[in-house]
Amino acid sequence: MLEKSYLVPKKEGQLLNCKEWDEHTSEEHKWELWEGIPFSTEVYERDRLAICLIYSMGLEYFVNELLPDESKVILLQLLQNTIKDDNEG
């Protein structure tokens, strides 16, 4: 089982090196779909690739260029709830 990604997306995109790319794609370097989930039913590969791609593009680009407005509203609500929960806990 793959570990969670260590990449931390920032406001601006970051360049990846070959080691990071290899670590965030499957060992076979194939794109697979299992029961509607990219790579396998274990979501670790999908999650690692997702964080890797967001890491390379940056959060600002992800939010302003890729996310539809509806998703932005949902994301804002999720973040507000997370911050609220963290402050209460």
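Partly exposed means a relative accessible area between the buried limit of under 20% and the exposed limit of over 50%. Keep that scale in mind on this tour. The model on your screen is predicted.

**Stop 1: the whole protein**

Show everything as a cartoon. You should find four helices and two strands. Trace the chain from the N terminus: the order of elements is α-β-β-α-α-α. The C-alpha atoms fill a box of roughly 40 × 30 × 30 Å along the principal axes.

Now switch on the surface. About 7100 Å² is accessible, and 56% of that belongs to carbon and sulfur atoms. How many of the 89 residues count as buried? The share is 18%.

Think about contacts too. Take those between residues at least 6 apart in sequence: 58% of them join residues at least 24 apart.

**Stop 2: Pro 38**

Select Pro 38. This residue sits in strand β2, which covers residues 37–38. Is Pro 38 buried, partly exposed or exposed? Its relative accessibility is 31%, so Pro 38 counts as partly exposed. That value falls between the 20% and 50% limits.

Add the contacts of Pro 38. Beyond its neighbours within four places in sequence, they are Glu 32, Leu 33 and Arg 46. Next, draw a distance from Pro 38 to Glu 27. C-alpha to C-alpha, the two are 14 Å apart, with their positions 11 residues apart in sequence.

**Stop 3: His 24**

Move to His 24. Look in the loop between α1 (18–23) and β1 (33–34). Is His 24 buried or exposed? His 24 has a relative accessible area of 2%, so it is buried.

Show the side chain of His 24 as sticks. What does it meet? A polar contact of 2.7 Å joins it to the side chain of Ser 5. Then find the backbone oxygen of Glu 20, which lies 2.7 Å from a polar atom of the His 24 side chain.

Now colour the other residues that His 24 touches, leaving out those up to four places away in sequence. Ser 5, Tyr 6 and Leu 7 are among them. So are Glu 45, Arg 48, Leu 49, Ile 51 and Cys 52.

**Stop 4: the largest pocket**

Hide the sticks and look for empty space. Rolling a probe the size of a water molecule over the atoms shows where such space is left. The largest pocket holds about 220 Å³.

Which residues line the largest pocket? Select Pro 9, Ile 51, Ile 54, Leu 59, Phe 62, Val 63, Leu 67, Ser 71, Leu 75 and Leu 78. Three elements give two or more residues each to this lining: α2 (44–57), α3 (59–66) and α4 (69–88). Colour the lining by class. Nine residues are nonpolar, one is polar and none is charged. Ile 51 deserves a second look: this lining residue is also touched by His 24.

**Stop 5: Phe 62**

Stay at the pocket and pick Phe 62, one of the lining residues. Phe 62 belongs to helix α3. With 23% relative accessibility, Phe 62 counts as partly exposed.

Which residues does Phe 62 contact, beyond its neighbours within four places in sequence? They are Ile 54, Met 57 and Leu 67. Of these, Ile 54 and Leu 67 also line the pocket.

Finish with one more distance. Phe 62 and Lys 11 are 51 residues apart in sequence, yet their C-alpha atoms are 9.2 Å apart in space.

Terms used. Residues are numbered from 1 along each chain as its sequence is written. This is a predicted model: local features need pLDDT of at least 70, side-chain atom pairs count only at pLDDT 80 or more; totals for chains, interfaces and linings use all residues. Side-chain values use heavy atoms; hydrogens and water are left out. On a 1 Å grid over the protein atoms alone, a cavity is a set of points where a 1.4 Å probe fits but cannot get out, and a pocket is an open set with protein on both sides within 12 Å along at least five of seven lines; lining residues have an atom within 4 Å of a point. Grid points are joined across faces, edges and corners, and a volume is the space filled by probe spheres set on the points. Ala, Val, Leu, Ile, Met, Phe, Trp, Tyr, Cys and Pro count as nonpolar, Asp, Glu, Lys and Arg as charged, and the others, Gly among them, as polar. Buried means under 20% relative accessible area, exposed over 50%, partly exposed in between (1.4 Å probe, protein chains only). A polar contact is a pair of N or O atoms within 3.5 Å; within protein, one must be able to donate a hydrogen and the other to accept it, and residues adjacent in sequence count only if both atoms are side-chain atoms. Contact means heavy atoms within 4.5 Å. Accessible areas come from the Shrake-Rupley method with a 1.4 Å probe; for residues, only the protein chains shown count as cover.
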